[in-house]
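Here are a few short exercises to work through with the model open beside you. Try each task before reading its solution.

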Amino acid sequence: MLALAVGTYALRLTGPALHGRVEIPVRVRELLAGAAVVLLVALLATGALTAGGGSAGWARPVGVLVGGVLAWRRAPFAVVVLGAAATTAGLRAMGVG
């Protein structure tokens, strides 16, 4: 546990310590930005589409989709969360699963 803490702290200090000394090429920055988006989408898909090793049904993915649309339309965070939760709960209450 101590090794993980030290490693995490060292990585956090690396950014400020190397600021201005290392120049990252623009192409690498673009690739890293794209990679971050891909990882977030993969995490979203895994969380939205699976539950306990199986399918999550239709209610959760539809709720995530509604939340995504609200976020894309720049709705306030509380509206995004409540909209996604209400959609999922409503569909489950109707028996969609």
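**Exercise 1: a helix pair**

Helix 3 and helix 4 run roughly antiparallel to each other in this predicted model. Work out which angle supports that description, and how far apart the axes are.

*Solution.* Start with the general idea: two packed helices are described by the angle between their axes and the distance between the axes. Helix 3 covers residues 59-72 and helix 4 covers residues 77-93. Their packing angle is about 155 degrees, with 8 Å between the axes. Angles over 145 degrees count as roughly antiparallel, so the pair falls in that class. To finish, note the handedness: the crossing is right-handed.

**Exercise 2: the contact**

Find which residues of helix 3 meet helix 4, and sort the contact by residue character.

*Solution.* On the helix 3 side, look for Ala59, Arg60, Val62, Gly63, Val66, Gly67, Leu70 and Ala71. Their partners in helix 4 are Val79, Val80, Gly83, Ala84, Thr87, Thr88, Leu91 and Arg92. Sorting the residues of this contact gives 9 nonpolar, 5 polar and 2 charged.

**Exercise 3: annotated spans**

Locate the spans that UniProt lists as "transmembrane region", and describe the chain there.

*Solution.* The unreviewed UniProt entry gives residues 31-51 and 71-91. Residues 31-51 are 90% helix and 10% strand, with end C-alpha atoms 31 Å apart. For residues 71-91, the figures are 81% helix, 0% strand and 20 Å between the end C-alpha atoms.

**Exercise 4: one leucine**

Is Leu44 buried, partly exposed or exposed?

*Solution.* First place Leu44: it belongs to helix 2, residues 26-49. Its relative accessibility is 48%, so Leu44 counts as partly exposed. Lastly, the C-alpha atoms of Leu44 and Val64 are 8.4 Å apart, with the two residues 20 apart along the chain.

Notes. Residues are numbered from 1 along each chain as its sequence is written. This is a predicted model: local features need pLDDT of at least 70, side-chain atom pairs count only at pLDDT 80 or more; totals for chains, interfaces and linings use all residues. Side-chain values use heavy atoms; hydrogens and water are left out. Axes are lines fitted to C-alpha atoms, for helices over the stretch in contact, and angles run from 0 to 180 degrees between N-to-C directions. Helices (H or I, at least four residues) and strands (E, at least two) are DSSP runs, numbered from the N terminus. Angles under 35 degrees count as roughly parallel, over 145 as roughly antiparallel, 65 to 115 as roughly perpendicular and the rest as oblique. A crossing is left-handed if the near helix is turned anticlockwise from the far one by less than a right angle, and right-handed if clockwise. Contact means heavy atoms within 4.5 Å. Ala, Val, Leu, Ile, Met, Phe, Trp, Tyr, Cys and Pro count as nonpolar, Asp, Glu, Lys and Arg as charged, and the others, Gly among them, as polar. UniProt positions are given in the numbering used here, feature names are shortened, and annotations may be inferred rather than shown by experiment. Buried means under 20% relative accessible area, exposed over 50%, partly exposed in between (1.4 Å probe, protein chains only).
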